[in-house]
Structures are given as structure tokens and as C-alpha cells.
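User: Please take a close look at a single part of this model, the largest pocket, and at the elements around it.

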Amino acid sequence: MDELDPVIHVQARLRIVTILDTLGAGDSLSFPRLQALLGATSGNLATHLRKLEDSDYIRVRKVIEGRAPVTYIALTDDGRHAFRRYKKNLRALLEETS
């Protein structure tokens, strides 16, 4: 049996990836919207996003809209594949132990 991906397995990061996986390929979510969905502090969310970005599971894009900076987060193809693998391995683990 394959191991569960430790980058995704942390609860906060699992919730982030689960939300981003509901978006279409190439779609993104703003940092404040993701923060509201998770009920996370900005510092905590930024820390988990950095871990996911370092693993190339998400793409963070900063743009200027009007006069304000806005950060958008999207799941990369690598992130989407890693999440599919994670779900497959988790299902196998759960079935193996039931």
C-alpha cells in the first residue's frame, strides 16, 4: 500500500486542497474567500499555502485590481493528481482496515 501524502494529509491543507479541487482546471479562488471558507487566520492560511506551493500543488498569483493587491490561489495539475492519488490511497487504507 502506498503512503498517504504528508503534504496533503495535514487537516488544514487537506481542507484547502479539497476546496480548490472543486474548481475547474485553471480556476482560482481569492485569498480572502478561501480564508472565509476555512475560517482560518491569514497567518495560518499563508503558512499552509506556502507548504502546498513549495510542493508545486498550488499556484499563487498576485495581481493589482483597481488599486488593491489581490492574491489568487489555484490547484496545479500536479496538485490535482496528488489529491487523486491521496484519495485513492486513503480509500485503500480504509477498506484494508474494515
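Analyst: What follows goes from the pocket to its lining and then to the strands beside it. The model is a predicted one.

The largest pocket holds about 150 Å³ of space. Helix 4 (42–54), strand 2 (58–65) and strand 3 (68–75) are the elements that each give two or more residues to its lining. Helix 4 supplies the largest share, four residues. The lining is made up of Phe-31, Ala-46, Leu-49, Arg-50, Glu-53, Val-60, Lys-62, Thr-71 and Ile-73. By class, five of these residues are nonpolar, one is polar and three are charged.

Strand 2 and strand 3 also pair with each other, running antiparallel over eight bridges. Within this pairing, Arg-59 has Ala-74 of strand 3 as its bridge partner. The two strands form a hairpin, with two residues between them. Gly-66, in the turn, has a positive phi of about 70 degrees.

Strand 3 has a further partner in strand 1 (residues 29–30), to which it is joined by two bridges, again in the antiparallel sense. Here Leu-29 stands opposite Ile-73 of strand 3, and Ile-73 is also one of the residues that line the pocket.

As for burial, six of the eight residues of strand 3 have under 20% relative accessible area and count as buried, so strand 3 is largely enclosed by the rest of the structure. Strand 3 thus pairs with strand 2, pairs with strand 1, and contributes to the lining of the largest pocket.

Conventions:
Residues numbered from 1 in each chain as written. Predicted model: local features only at pLDDT ≥ 70, side-chain atom pairs only at ≥ 80, totals over all residues. Heavy atoms only, no water. 1 Å grid on protein atoms, 1.4 Å probe; cavity = no way out; pocket = protein on both sides within 12 Å on 5 of 7 lines; lining within 4 Å. Points joined across faces, edges and corners; volume = space filled by probe spheres on them. Nonpolar A, V, L, I, M, F, W, Y, C, P; charged D, E, K, R; others polar. Buried < 20%, exposed > 50% of the residue type's maximum accessible area, 1.4 Å probe, protein only. Pairing = 2+ DSSP bridges.
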